[in-house]
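The following account leads the reader through one protein model, from a single contact site to the overall architecture and the surface. Please keep the structure in view while reading.

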Amino acid sequence: MKRQMLWTRAELKSNAKDFLRKHYWKSFLIALVIAITGGNEYMMQNGGGGGRGGNRGGSGIGVELGEVFSGGGSPVPTNWLFEKIGISTIVFISLGMFIGGIAVFMAFRILVGAPLDVGGRTFFLRGLSEEPDVGDLAWVFRSKHYLNVVKVMFLRGLYNFLWTLLLIIPGVIKHYEYRMVPYILAEDPTLNADAAIKQSMVLTEGHKWAMFVLDLSFLGWYILGGLMLGIGVFFVHPYYEATYVQLYDTLRGGSPEEVELVEEAAW
């Protein structure tokens, strides 16, 4: 007879709150590092505001730059810059700086952020059965599995990105299919990308929609945190991370055929 494991959002969040009552400030620190290094699965980046439109007095770009160089006072003539160097050269340099900035960020995310991502999940996993150690955050850097963890996390992100290029919906589905990879690596960092991703797909089979709804249940908290000068969102992260480790712990307790999802109205 198959054992059925019931889980609800309310139960996961209740267990997460119990976890945080014991380890909140440690969890806050871990979740903060995960978020800063780009590992928080919930965070979405918003575009910046637009610039001032239109030409003023026919001066165009030269006047805009002139105001910058003059500290907002009387414009200084800068059209000579474009005449001497050329607009194409300036655009090329700006584009190069932009691409270079993205490359540096991606390198940091892959080489530093990904290991911290897995280390942070190790902290939350350890806290399920014993006193978690903040030092777990950096264990990947001290291990012989660093390169494998970086490779697996890179391929996970790459596959998800490629699926997103096809259509948004397949990308979202794959995001939830691959969601448990950091937890799986935290428990077995020797797994290759195919094995880790397949395990994650097995664990999340039949639960992707419920995981999406679980994420939606945090939307109000993140909006509220954003209204507090944006600082409040960092206090929501520990709650989110503690809830997801409870979900992983529940899903790994049985195969998809043995785990029954109970839907309920509680958010």
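Which residues does histidine 23 touch, when residues up to four places away in sequence are not counted? In this predicted model, the partners of histidine 23 are Gly127, Glu131 and Pro132. Histidine 23 itself belongs to helix H1, which covers residues 9-36. With a relative accessible area of 8%, histidine 23 is buried, because that value falls under the 20% limit.

The wider architecture gives this site its setting. The protein chain contains twelve helices and two strands, and along the sequence the order is β-α-α-α-α-α-α-α-α-α-α-α-α-β. Of its 267 residues, 42% count as buried. When contacts between residues at least 6 apart in sequence are considered, 71% of them join residues at least 24 apart. The accessible surface of the chain amounts to about 15000 Å², and carbon and sulfur atoms account for 66% of that area.

The interior can be followed through the largest nonpolar core, which has 49 residues; Val118, Met180, Val181, Leu185, Tyr244 and Leu247 are the members that touch the most other members. Two or more residues are contributed by each of H1, helix H4 (87-126), helix H5 (139-142), H6, helix H8 (181-187), H9, H10 and H12. H12 provides the largest share of this core, with ten residues. For leucine 247, the contacts beyond four places in sequence are Trp7, Leu12, Met180, Met211 and Leu214.

Alanine 186 offers another view of long-range packing. This residue is placed in helix H8 and, at 14% relative accessibility, counts as buried. Although alanine 186 and valine 118 are 68 residues apart in sequence, their C-alpha atoms are 5.6 Å apart in space. Valine 118 is also one of the residues that alanine 186 touches, together with Arg121, Thr122, Leu125 and Trp139, not counting residues up to four places away in sequence.

Helix H7 (residues 168-177) shows a further set of buried positions, namely Gly171, Lys174, His175, Tyr176 and Glu177. These buried residues of H7 pack against four helices: H6 (146-166), H9 (193-204), H10 (208-216) and H12 (233-251).

The record adds an annotation to compare with the model. In an unreviewed entry, UniProt lists residues 23-43, 85-112, 152-173 and 219-240 under "transmembrane region". Over residues 152-173, the model has 95% helix and 0% strand, with the end C-alpha atoms 19 Å apart. Over residues 219-240, the helix content is 77% and the strand content 0%, and the end C-alpha atoms are 11 Å apart.

What is found on the surface? Leu216, Leu219, Trp221, Ile223, Leu224, Leu227 and Met228 make a nonpolar surface patch of about 700 Å². Helix H11 (residues 219-227) gives the largest share of this patch, five residues. Isoleucine 223 lies in H11 and is classed as partly exposed because its relative accessible area is 48%, between the 20% and 50% limits. Histidine 23, with its 8%, is by contrast buried.

Notes. Residues numbered from 1 in each chain as written. Predicted model: local features only at pLDDT ≥ 70, side-chain atom pairs only at ≥ 80, totals over all residues. Heavy atoms only, no water. Buried < 20%, exposed > 50% of the residue type's maximum accessible area, 1.4 Å probe, protein only. Contact = heavy atoms within 4.5 Å. Areas by Shrake-Rupley, 256 points an atom, 1.4 Å probe, with all protein chains shown as cover. UniProt positions renumbered as here; feature names shortened; annotations may be inferred. Core = buried A, V, L, I, M, F, W, Y, C linked by side-chain atoms within 4.5 Å. Patch = residues over 30% accessible without salt bridge, like charges linked within 9 Å, V, L, I, M, F, W, Y side chains within 5 Å. Salt bridge = Lys/Arg side-chain N within 4 Å of Asp/Glu carboxyl O.
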